[in-house]
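Subject: The structure, and some notes on it

Hello,

Here is the structure I promised to pass on. Please have it open while you read, as the notes are meant to be followed on screen.

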Amino acid sequence: MTRIFLPLCLFGFAVTVSARGTFTNPIIGQGADPWVIYWHSKYYYSHSIPSNERTGGRGERVWISAATNLVDIGRAESKCVWAPERRKPYSDEVWAPELHFLQGKWYIYVAADNGDNFTHRMYVLEGTSLDPQQPFVLKGKIAAAGDRWAIDGTVLEMPSGKLYFIWSGWEGTENVAQNLYIAPMSNPWTISGNRVCISRPEYSWEKHGLPINEGPETLWHGNRVFIIYSASGFWTDDYCLGELAWNGGDVMDPKSWVKNPTPVFSGTATVSAPGHCSFVPSPDGTEDWIVYHAHIHRGTELRDVRIQRFTWNKNGSPNFGSPISPGVPLAPPSQSN
């Protein structure tokens, strides 16, 4: 779940790059819910900016920046690709926009409301160009039957081309807990069947602040797919990442998803509340990188954006290790020779 945060692109960047080519985290001084996609030799970073004096009172907007180097996404020029009309159900609290290329077009999935969190729903924006930094138009709301509270929507695309929508939502109409739901899609903007719950907060590490599963993101490795999600309240120092592993069955069957009983990426003495991530390859395709946010320091809700390389366990599951402390020199993603 996203709360108000200060606009990262207008605050400059925090990444430090040495003369010898290393960098240090964070790469963006303030930001949350980072979504990055690698396409045609560029990294595209989508984010929103809250409605405040820095938007000139013009309301919340969705922005996209592009960079050839992952460490530069925070200092690359951001372009506004969508500004909602005012006084609409989707005009406020625009959270966690995700940019996806599906069936030959760009789409952005974003949560928004009318200023009251209880009205949060997921919306789809459609690109007007193959350039994802060009304007997007509102395609409409994307919701399952019952139209419950929903945020953090993403798309699972199977090898067959079949699409599924995955998001964080309430079971009923009250903010008791956030679960992860999946539903089939008939096209990139339409849910075509009932939702199914595939994860509920059940372990203690998923219940700090409130019982929360949110920020689901798909991660493929060969023919295996994982859902990496955020657990607990983002405002707590115990925010972390959990994992669901697909066992090869029907993705709409909850029994096809096996939850790891322990977090797969959690805080340390020097890094607090790592969560809400996305995944990209290095430019030469030899490395895998996680992009995530963490608290700027313990006890605050302010977050920054960080990156680090991850590997794979022998059983094919991701091995994220532990969050690397700020200021530690790191080699940037590997470039093609």
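Below is what I found, going from one strand and its neighbours to the cysteines and then the largest pocket. Please keep in mind that this is a predicted model.

Let's begin with strand E18, which spans residues 240–246. How many of its residues are buried? The count is seven of seven, so to speak the strand is mostly covered. Both faces share in this: Cys-240, Gly-242, Leu-244 and Trp-246 are buried on one side, and Leu-241, Glu-243 and Ala-245 are buried on the other.

E18 has strand partners that you can pick out easily by number. Strand E17, residues 224–231, pairs with E18 in the antiparallel sense over six bridges. If you want a place to look, Ser-230 has Leu-241 of E18 as its bridge partner. E18 also pairs with strand E19, residues 257–259, again in the antiparallel sense, over three bridges. In that pairing, Leu-244 stands opposite Lys-259 of E19.

While you are at E17, have a look at Tyr-229, which is found in that strand. Tyr-229 is buried, with a relative accessible area of 0%. Its side chain makes a polar contact with the side chain of Glu-206, at 2.8 Å. For a sense of distance, Tyr-229 and Gly-127 are 102 residues apart in sequence and 27 Å apart in space, C-alpha to C-alpha.

Now the cysteines, since you may wonder about them. The structure holds zero disulfides. Why does Cys-240 have no bond to another cysteine? The closest cysteine sulfur is in Cys-277, and it lies 11 Å from the sulfur of Cys-240, which is too far for a bond; a disulfide needs the two sulfur atoms within 2.5 Å. Buried or exposed, where does Cys-240 fall? Cys-240 is buried, with a relative accessible area of 1%. Cys-80, on the other hand, is partly exposed, at 29%.

Last comes the largest pocket, which holds about 570 Å³ of space. It is lined by 19 residues, and those closest to its centre are Trp-35, Ile-37, Thr-218, Trp-220 and Phe-279. The elements that give two or more residues to the lining are strands E3 (35–39), E7 (92–102), E11 (150–157), E16 (213–221) and E20 (272–281). By class, the lining has 13 nonpolar, three polar and three charged residues.

Happy browsing, and best wishes

Technical notes. Residues numbered from 1 in each chain as written. Predicted model: local features only at pLDDT ≥ 70, side-chain atom pairs only at ≥ 80, totals over all residues. Heavy atoms only, no water. Buried < 20%, exposed > 50% of the residue type's maximum accessible area, 1.4 Å probe, protein only. Helix = DSSP H or I, 4+ residues; strand = E, 2+ residues; numbered from the N terminus. Pairing = 2+ DSSP bridges. Polar contact = N/O pair within 3.5 Å; in protein donor to acceptor, adjacent residues only side chain to side chain. 1 Å grid on protein atoms, 1.4 Å probe; cavity = no way out; pocket = protein on both sides within 12 Å on 5 of 7 lines; lining within 4 Å. Points joined across faces, edges and corners; volume = space filled by probe spheres on them. Nonpolar A, V, L, I, M, F, W, Y, C, P; charged D, E, K, R; others polar.
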